[in-house]
Amino acid sequence: MRRALLIALYLIAQLVFMTTGAWAVGYQIRNIDSMVPYGAIPQDINNSGQIAGLRAYVNSSGVNEPFLSQEGMPTQDMGTLGGNSAAYYLNNNGQAVGMSYTLGWSRGNQRAFFWQAGSPMRDLGTLGGFDSIAYGINSLGQVVGVSWTASRSDGNTTNRAFLWQ
């Protein structure tokens, strides 16, 4: 009987704990980029609390631009290679990678990029085709992604993994 009572009390305590949000004590949601009228989409966060992603409709041509946000610091725009862009991954050195279109709103070619504070966005090129996308960066600044190769005789392309260093 006593064991059944202890189990019941334990289950009630668990139910109260889960429904009151007590598990989230000390955590809070905060706005990381209120300067954009249409919002921001964070993609990655590093161990320093820096956040990378994309901000909607930032410039006069209406394209999305990647950003780096850190509490207590102004948000940094990473620029573009000419069109819509997004930072997907961020390492602990604050270096970011992602994809940028080369012309306007989702037009032109997709290009993998590398960015670090104080330098312009860098186009990482391709393996002979038109498009590439960066999917990761480590603490050494090595970038991995996918690139399309030149068109085959049947007009199709093939994608290949790449390492940029």
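In what sense, and over how many bridges, do strand 1 and strand 2 pair? In this predicted model, strand 1 and strand 2 pair in the antiparallel sense, and the pairing extends over five bridges. Within this pairing, isoleucine 41 has leucine 54 of strand 2 as its bridge partner. The two strands belong to an open sheet of four strands, arranged in the order 1-2-3-4 with antiparallel pairing. Strand 1 (40-45) and strand 4 occupy the edges of this sheet and have a single partner strand each, so that one side of each is left without a neighbour in the sheet.

With regard to the overall architecture, the protein chain contains one helix and eleven strands, and the helix precedes the strands when the elements are read from the N terminus, in the order α-β-β-β-β-β-β-β-β-β-β-β. Of the 165 residues in the protein chain, 35% are buried. The exposed surface of the protein chain comes to about 10,200 Å², of which carbon and sulfur atoms supply 55%. Among the contacts in the protein chain with a separation of 6 or more, 27% are accounted for by residues 24 or more positions apart.

The largest nonpolar core consists of nine residues, namely Ala52, Leu68, Met78, Ala87, Leu90, Ala96, Phe113, Trp115 and Met121. Two or more residues of this core are given by strand 5 (85-90) and likewise by strand 7 (107-115). Another core, of eight residues, lies apart from it and includes Ala134, Ile137, Val143 and Phe162. Alanine 52, one of the residues of the largest core, is in contact with Pro42, Gln43, Asp44, Phe67, Met78, Ala87 and Leu90, when its neighbours within four places in sequence are left aside.

Two salt bridges are counted in the model. In one of them, the side chains of aspartate 77 and arginine 55 meet at 2.7 Å, N to O. This pair links distant parts of the chain, since aspartate 77 is in strand 4 (residues 76-77) and arginine 55 is in strand 2 (residues 51-55), 22 residues apart. Aspartate 77 counts as partly exposed because its relative accessibility is 36%, whereas arginine 55, with a relative accessible area of 7%, is buried. A salt bridge is also formed by arginine 111 with aspartate 123, whose closest N and O atoms are 3.1 Å apart. Here arginine 111 lies in strand 7 and aspartate 123 in strand 8 (residues 122-123), so the pair ties together parts that are twelve residues apart in sequence. Arginine 111 counts as buried at 18% relative accessibility, the cut-off for buried being under 20%, while aspartate 123 is partly exposed, with a relative accessible area of 33%.

Towards the C-terminal part of the numbering, strand 9 (residues 128-137) and strand 10 pair in the antiparallel sense over six bridges. These two strands form a hairpin with five residues between them, and glycine 141 in the turn has a positive phi of about 85 degrees. Strand 10 also pairs with strand 11 (residues 159-164), in the antiparallel sense and over six bridges; in this pairing, tryptophan 148 has asparagine 159 of strand 11 as its bridge partner. Strand 10 is mostly covered, five of its seven residues being buried.

Serine 147 lies in strand 10 (residues 143-149), where serine 132 stands opposite it. Serine 147 is buried, with a relative accessible area of 1%. Not counting residues up to four places away in sequence, serine 147 touches Thr126, Leu127, Asp131, Ser132, Thr158, Asn159, Arg160 and Phe162. A polar atom of the side chain of serine 147 lies 2.7 Å from the backbone nitrogen of leucine 127. The C-alpha atoms of serine 147 and glycine 125 are 8.4 Å apart in space, with the two positions 22 residues apart in terms of sequence separation.

Glutamine 95 is located in the loop between strand 5 and strand 6 (96-103) and counts as buried, at 12% relative accessibility. The side chains of glutamine 95 and asparagine 91 are joined by a polar contact of 2.8 Å. Beyond residues up to four places away in sequence, glutamine 95 touches Tyr89, Leu90, Phe114, Trp115, Gln116, Ile137 and Gly141, the last of these being the glycine in the turn of the hairpin formed by strand 9 and strand 10.

Methods. Residues numbered from 1 in each chain as written. Predicted model: local features only at pLDDT ≥ 70, side-chain atom pairs only at ≥ 80, totals over all residues. Heavy atoms only, no water. Core = buried A, V, L, I, M, F, W, Y, C linked by side-chain atoms within 4.5 Å. Buried < 20%, exposed > 50% of the residue type's maximum accessible area, 1.4 Å probe, protein only. Contact = heavy atoms within 4.5 Å. Salt bridge = Lys/Arg side-chain N within 4 Å of Asp/Glu carboxyl O. Polar contact = N/O pair within 3.5 Å; in protein donor to acceptor, adjacent residues only side chain to side chain. Areas by Shrake-Rupley, 256 points an atom, 1.4 Å probe, with all protein chains shown as cover. Pairing = 2+ DSSP bridges.
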